[in-house]
Amino acid sequence: MKKKTFLAAIFGCILTTALLTSAMPGKNNVISKENGMTVVNTTTLAQDVDGYNDVTPVKIYIKGNKIVKVEALPNQETPRYFAKVKKELLSRWNGMTVKKAQTAQVDVVTGATFSSKSVIENVRRGLKYFNSHK
């Protein structure tokens, strides 16, 4: 009886580890498909790009080689200032071709400079990755 319980516990640990590992963001799921769009997730691409408090990952939605939207992912930035980034910065790439967006000179949001620079770099890296892996 003890042997069966021990084996069941070992199997449970292996299964849990496998499930957690497959759910973790990694290089394999940087690019995904969602509602007919290609989505680039910069969580693992820009781990070294900090805003004011920490990293500011984004999802870039692309359809027909045009950017549909850029969406901020959870981060540790000051909510009041990052709200300005969401409102004033994220939509600046909407409708641009990927090629144009890569070279676009996008201004930072006043009062949220570090967060803005971090988001801009996340978008830049995400588009670069998209171009080399599409």
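Before I show you a particular residue pair, I should say that two strands are taken to pair when DSSP finds at least two bridges between them, and with that in hand we can say that Ile62 has Ile67, in strand E4, as its bridge partner. Please keep in mind throughout that what you see above is a predicted model.

Let me step back to the whole protein, which has four helices and four strands, and whose elements, if you read along the sequence, follow the pattern α-β-β-β-β-α-α-α. There are 134 residues in the protein, and 34% of them count as buried. If we take the contacts between residues at least 6 apart in sequence, 54% of them join residues at least 24 apart. The accessible surface comes to about 8,700 Å², with 58% of that belonging to carbon and sulfur atoms.

Now to the sheet. The four strands form an open sheet in the order E1-E2-E3-E4, with antiparallel pairing. E1 and E4, the latter covering residues 66-72, stand at the edges with a single partner strand each, so one side of each has no neighbour in the sheet. From one strand to the next, the twist averages 25°.

How many bridges join each pair of strands? Between E1 and E2 there are four, in the antiparallel sense; E2 and E3, which also run antiparallel, are joined by four bridges; and E3 pairs with E4 over six, again antiparallel. Helix H4 packs on this sheet, where it touches E1, E2, E3 and E4, and its direction makes about 45° with that of E3.

Let us walk through the strands, beginning with E1, which spans residues 31-34 and is where Ser32 has its place. Ser32 is partly exposed, with a relative accessible area of 30%, and, leaving aside residues up to four places away in sequence, it touches Met37, Thr38 and Val39. The C-alpha atom of Ser32 is separated by 9.7 Å from that of Tyr61, although these two residues are 29 apart along the chain. Further along, Glu34 stands opposite Met37 in E2, and in the hairpin of E1 and E2, which has two residues between the strands, Asn35 takes a positive phi near 50°.

Is E2 itself enclosed or open? Five of its five residues are buried, so E2 is largely enclosed by the rest of the structure. Met37, Val39 and Asn41 point one way from the strand, while Thr38 and Val40 point the other way, and all are buried. Val39 stands opposite Tyr61 in E3, and Tyr61 has a further companion, since Lys69 lies over the face of its ring, at 4.7 Å from the ring centre.

I will finish with the aromatic rings, where a search of the whole structure finds one pair. The partners are Tyr52 and Phe114, and their arrangement is tilted, with 6.0 Å centre to centre and 45° between the planes. Which parts does this pair tie together? Tyr52 lies in the loop between E2 and E3, and Phe114 lies in helix H4, which runs over residues 113-133, so the pair ties together parts that are 62 residues apart in sequence. As for their surroundings, Tyr52 and Phe114 are both exposed.

Definitions and conventions. Residues numbered from 1 in each chain as written. Predicted model: local features only at pLDDT ≥ 70, side-chain atom pairs only at ≥ 80, totals over all residues. Heavy atoms only, no water. Buried < 20%, exposed > 50% of the residue type's maximum accessible area, 1.4 Å probe, protein only. Contact = heavy atoms within 4.5 Å. Areas by Shrake-Rupley, 256 points an atom, 1.4 Å probe, with all protein chains shown as cover. Phe/Tyr/Trp six-rings, centres within 6.5 Å; stacked < 30°, edge-to-face > 60°. Lys NZ or Arg CZ within 6 Å of the ring centre and 35° of its normal. Axes fitted to C-alpha atoms, helices over the stretch in contact; angles between N-to-C directions.
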